[in-house]
Amino acid sequence: MYTIGIDIGSASSKVVVLRDGCALAAAAAVQTGTGSSGPERAMAQALAQAGVTLEGAAAVVATGYGRMNCPYTDRQFSEISCHAKGIVHLFPQARTIIDIGGQDAKAIQLDDAGMVQQFAMNDKCAAGTGRFLEVMARVMELELPMLQSWHSRARQVAHVSSTCTVFAESEVISLLSAGTPKADIIAGVHKSVASKASGLVYRIGLRETVVMSGGVAQNRGVVQALEEALKVPIQVAPRPQTIGALGAALFAFESVSATS
């Protein structure tokens, strides 16, 4: 039996296909915005990988900003629920989840049964998100994946605002003009992201074990900065950008199992 989860986010669409509720048959991610062809292309990629058809799936569950606009889904679940579901499936011991995506960041606290107790979100401003990193990378004329390798060369962390992307962009331009090494600036950018995310964590209360999801989790520089800010080790989920879709696919499996 195959179930499908689709996470239609603000910056990308992700699809996970599960076999029998546990085996990963396929995972795909397409960098596009809500309302574009991203969901269809991500779905086509995942179905091709798994060798199944949409009609052959037992259930399809959607999550993310665009979940209500997906015509071929059976149910919709919130991003909070799906990220928690996906993380607990992979890390049963997880008690705090940090999810940083393209245009928002979340901190989720779980109880000892792996259920959501409370959460905090930063979804009104791009500061501390993937979009923030994209803007800073462009200012420094670097490709986004290059930021983590530059981070390791830093000798002194430069100060970069964590409150506003526009202010931070201006600061980075000033730092470059003053001859501040790019590596130091990038370390400052990562610290800025970590400051924003750690603030969310402290609002809900830090509980170990801490696991990170979302596309920004692929940047080891941000993960390291977060570990320093929270003073705890952080585990990174495999294929972190697809965790919401994984949780949706798990909910799809549960919905079918409950009626069979």
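**Exercise 1. Ser12 and its surroundings**

Decide whether Ser12 counts as buried or exposed in this predicted model, and find what its side chain contacts.

*Solution.* Start with the accessibility. Ser12 has 10% relative accessibility, and the cut-off for buried is under 20%, so Ser12 counts as buried. Next, place the residue: Ser12 sits in the loop between strand E1 (2-8) and E2. Now look at the side chain, which makes a polar contact of 3.1 Å with the side chain of Lys14. Finally, leave out residues up to four places away in sequence; Ser12 then touches Asp7, Val30, Gln31 and Thr32.

**Exercise 2. A contrasting loop residue**

Work out whether Glu55 is buried or exposed, and where along the chain it lies.

*Solution.* Glu55 belongs to the loop between helix H1 (38-50) and strand E4 (59-63). Its relative accessibility is 70%; exposed requires over 50%, so Glu55 counts as exposed. As a further step, pick out Tyr72, which is 17 residues from Glu55 along the chain. The C-alpha atoms of the two are separated by 9.6 Å.

**Exercise 3. From hairpin to sheet**

Trace how E2 and E3 are connected, then find which strands stand at the edges of the sheet.

*Solution.* Begin with the pair itself. Strand E2 (residues 13-19) and strand E3 (residues 23-30) run antiparallel and are joined by 7 bridges. One pair to check is Arg19, whose bridge partner in E3 is Ala23. The two strands form a hairpin with 3 residues between them, and in the turn Asp20 has a positive phi of about 55°.

Now widen the view. The open sheet has 5 strands in the order E3-E2-E1-E4-E5, with mixed pairing. E3 and strand E5 (75-76) are the edge strands: each has a single partner strand, so one side of each lacks a neighbour in the sheet. To finish, add the helix: H1 packs on the sheet, touching E1, E2 and E3, and its direction makes about 150° with that of E3.

**Exercise 4. Cysteines**

Find how many disulfides the structure holds, and compare the settings of Cys22 and Cys70.

*Solution.* Searching the whole structure gives 0 disulfides. For Cys22, the nearest cysteine sulfur is that of Cys82, 18 Å away. For Cys70, the nearest is also that of Cys82, at 13 Å. A disulfide needs the sulfur atoms within 2.5 Å. Then compare accessibility: Cys22 is exposed, with a relative accessible area of 53%, whereas Cys70 is buried at 7%.

**Exercise 5. The largest nonpolar core**

Identify which residues touch the most other members of the largest nonpolar core, and which element gives the most to it.

*Solution.* The core has 42 residues, and those touching the most other members are Ile98, Ile100, Phe132, Met140, Val189, Met212 and Leu226. Next, list the contributors: elements giving two or more residues include strand E6 (96-100), helix H3 (130-139), helix H6 (182-204) and helix H7 (220-230). H6 gives the most, with 10 residues. As a last step, zoom in on Met140. Beyond residues up to four places away in sequence, Met140 touches Leu147, Val172, Leu176, Lys182, Ile185, Ile186 and Val189.

Terms used:
Residues are numbered from 1 along each chain as its sequence is written. This is a predicted model: local features need pLDDT of at least 70, side-chain atom pairs count only at pLDDT 80 or more; totals for chains, interfaces and linings use all residues. Side-chain values use heavy atoms; hydrogens and water are left out. Two strands pair if DSSP finds at least two bridges between them. Helices (H or I, at least four residues) and strands (E, at least two) are DSSP runs, numbered from the N terminus. Buried means under 20% relative accessible area, exposed over 50%, partly exposed in between (1.4 Å probe, protein chains only). A polar contact is a pair of N or O atoms within 3.5 Å; within protein, one must be able to donate a hydrogen and the other to accept it, and residues adjacent in sequence count only if both atoms are side-chain atoms. Contact means heavy atoms within 4.5 Å. A nonpolar core is a set of buried Ala, Val, Leu, Ile, Met, Phe, Trp, Tyr and Cys residues joined through side-chain atoms within 4.5 Å. Axes are lines fitted to C-alpha atoms, for helices over the stretch in contact, and angles run from 0 to 180 degrees between N-to-C directions.
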